[in-house]
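I am opening a fresh page to note what I look up in this structure, one topic at a time. The sequence and the structure come first, and my entries follow.

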Amino acid sequence: MVRVRFAPSPTGYLHVGNARTALFNYVFARKNSGQFILRIEDTDQERSAVKYEQAIIEDLRWLGLDWDEGPEVGGNYGPYRQTERLHLYQELAEKFLQAGLAYRCYCTREELEGRKQQALQEKGMAGYDGRCRYLTQAQVAAFHHEGRKPVVRFQVPAESIEVNDLIRGKVVFAGETISDFVIIKSDGLPTFHFAVVVDDFLMGITHVIRGEDHLSNTPKHILLFRALKARLPFFAHMSMTLGPDRTRLSKRHGATSIRAFRQAGYLPEALFNYLALLGWASPDGQEIFTREELVREFSLERCSKTAAIFDHNKLLWMNGLYMRKTSPERLLQLSLPLLQAQSLAPQEPTAEFLAKTKQLIALEQEKFKTLSDIPERIGFFLKTPVYDSKLIEKYFTPQTREILAEIEVILADQESFEHHKLEEAIRTLCQEKAYKPAQVFHPLRIALSGTTKGPGLFEMMEILGKEETIGRLQAVIKNETFRSGKDGGPGTPP
RNA sequence: GCCCCCAUCGACUAGCGGCCUAGGUCACCACUCUUUCAAGGUGGUAGCACCGGUUCGAUUCCGGUUGGGGGCGCCA
């Protein structure tokens, strides 16, 4: 039975790089009919916050990465929060101490720092020198008397360690390069290295799939597994996610948290799909996957060893693809809060309003790249447009007013406001008066919507309806600033 | 400084010794469709880091150089 885990520390929002790790674990578990476990690594007292734990949980769910065991769902290997498992680490550390696998170290941070600098200069080694390994009773007593609080260090044997990585193959670390590392901090909490191994062991994790930044830590973990007499899990270290400047992806690169992308109007399935493509490729080059397809196709063997740069651009394209694919109904639901936030929709919309808005969304759907584009692109339907003087200047000539007035008359005569009929009528006008269509269509579009971007002109008029269309036209025609053909400042026509 | 990983178009990648005059996707450019903005269609620009080997033959195998990334914490 395959058992994998994602173990975030709640010190911030879910980072896209971590989300990708979670996703690979999730997909691997599903592919192998195994279990996906969520474990919260909250042993950093300084930085961990409940708020972030909650946010991470929400964002994982939003991405569709549901776990079989972990917070909020339980399981037989709990608890799944490390601060609730402290006794386990302490007991095991005590056993290590008694078995001579670990020892108490009384060095202070200052002493450590000083010696580290010196060793770095002299030998290029930055690790602990092991000087507390064999303290006498008297020395220990003296340290206690000084009030020093010890840490527990693991005694690293001088042998080289081999890591057989599923993605990278065999990696060998020389024994001397690993120094005695801390497993229990002076506050009694376990360090990351100790807690992961103890938990992976106790939770029966079979495959450790994580970022490449942990590859160098793996020999330590292997040593710990051995000390626990535990069977080694398989390791798979996936490539890192970098920013456009090839450095670790961070806030400097803009949005880096799943939360930020959510708020920017991205769809979960788009992010899911994009993340899957970062460091993994299907054999046949397929790039668009449903969750099920990805689960079917995925394999660790096809994971790339090269670090991947997170490309906002391709994500945006892919999001647009999914925006076009999904139903107007869902887009309506997802964008309603955004419309409300911009006062484009009432807090308690009527069925009529919703139906109309859905119609608008359907009309403009092919142009949305993110949900945030929805208010922007359909806003002018929902409330009187604001006119941009530059546009007026560019598209309106002195003659325009006359043309618009003629159109107004024609529209008033229309019995049906069906778009084919409207088009026919206006094209007839163009012919009769020998107007070039562009000369008529552009100003009309701007007069009605305040923008050059929009749906088909006649579809737009149909949805706006006779009354509103004529109303907007009249307002523009009467607008004083328009008379000169320029300087139509932003603002709502009277 | 020491240790580890990595190296194909600007980006993600396919390639697992001859099928490669290196393929796909995003971006970019051109053309096309068109009442705008998109979307779509067609075409195009662009890459095997470098130096040595191995081999009849290297993008593919080996070594080195260079470059990038990661680790060396009482952070995870």
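Does Gly454 count as buried or exposed, and at what relative accessibility? I keep in mind that I am reading a predicted model, and I find that Gly454 has a relative accessibility of 16%, so Gly454 counts as buried, the cut-off being under 20%.

**Entry: the surroundings of Gly454.** I located Gly454 in the loop between helix H18 (437-449) and helix H19 (457-464). Setting aside residues up to four places away in sequence, I see that Gly454 touches Glu364, Lys367, Arg377 and Arg445. I then looked up one of these partners, Glu364, and noted that its C-alpha atom is separated from that of Gly454 by 7.5 Å, although the two residues are 90 residues apart along the chain.

**Entry: the nonpolar cores.** I looked up the largest nonpolar core and found that it has 97 residues, with Ile407 and Met461 having the most contacts inside it. Helix H1 (residues 16-31) gives the most to this core, namely nine residues. Apart from this core I found another one, of 35 residues, which includes Phe173, Ala195, Leu224 and Leu228. I also listed the contacts of Met461, leaving aside its neighbours within four places in sequence, and they are Leu411, Phe417, Leu422, Ile426, Leu444, Leu448 and Thr469.

**Entry: helix H3 against helix H6.** How do the axes of helix H3 (residues 86-98) and helix H6 (residues 192-202) cross? I noted that they come within 10 Å and cross at roughly 100°, which means that H3 is roughly perpendicular to H6. On the H3 side the contact is made by Leu88, Tyr89, Leu92, Ala93 and Phe96, and on the H6 side by Phe194, Ala195, Val198, Asp199 and Leu202. Sorted by class, the residues of the contact of H3 with H6 are nine nonpolar, no polar and one charged.

**Entry: aromatic pairs.** I noted that the structure holds 15 aromatic pairs. For Phe96 and Phe194 I wrote down ring centres 5.7 Å apart and planes at 65°, so this pair is edge-to-face, since planes over 60 degrees apart count that way. The pair links distant parts of the chain, because Phe96 lies in helix H3 and Phe194 in helix H6, 98 residues apart. I checked the burial of each partner as well: Phe96 is buried, with a relative accessible area of 3%, and Phe194 is buried, with a relative accessible area of 0%.

I looked up a further pair, Phe261 and Tyr266, whose ring centres are 5.3 Å apart and whose planes stand at 85°, so I entered this pair as edge-to-face too. Both Phe261 and Tyr266 are buried. Elsewhere in my list, ring pairs link Phe24, Trp280, Phe289 and Phe298 into a cluster.

**Entry: helix H12 against helix H13.** I turned to helix H12 (residues 328-341) and helix H13 (residues 351-364), which pack at an angle of about 110° with their axes 9 Å apart. An angle from 65 to 115 degrees counts as roughly perpendicular, and so H12 is roughly perpendicular to H13. From H12 the contact takes in Pro328, Glu329, Leu331, Leu332, Ser335, Leu336 and Leu339, and from H13 it takes in Leu354, Thr357, Lys358, Ile361 and Ala362. What classes do the residues of the contact of H12 with H13 divide into? I recorded eight nonpolar, two polar and two charged residues.

Definitions and conventions
Residues are numbered from 1 along each chain as its sequence is written. Chains are lettered from A and ligands numbered from 1 in the order in which they are written. This is a predicted model: local features need pLDDT of at least 70, side-chain atom pairs count only at pLDDT 80 or more; totals for chains, interfaces and linings use all residues. Side-chain values use heavy atoms; hydrogens and water are left out. A nonpolar core is a set of buried Ala, Val, Leu, Ile, Met, Phe, Trp, Tyr and Cys residues joined through side-chain atoms within 4.5 Å. Buried means under 20% relative accessible area, exposed over 50%, partly exposed in between (1.4 Å probe, protein chains only). Helices (H or I, at least four residues) and strands (E, at least two) are DSSP runs, numbered from the N terminus. Contact means heavy atoms within 4.5 Å. Axes are lines fitted to C-alpha atoms, for helices over the stretch in contact, and angles run from 0 to 180 degrees between N-to-C directions. Angles under 35 degrees count as roughly parallel, over 145 as roughly antiparallel, 65 to 115 as roughly perpendicular and the rest as oblique. Ala, Val, Leu, Ile, Met, Phe, Trp, Tyr, Cys and Pro count as nonpolar, Asp, Glu, Lys and Arg as charged, and the others, Gly among them, as polar. Rings of Phe, Tyr and Trp (its six-membered ring) pair if their centres lie within 6.5 Å; planes under 30 degrees apart count as stacked, over 60 as edge-to-face and the rest as tilted.
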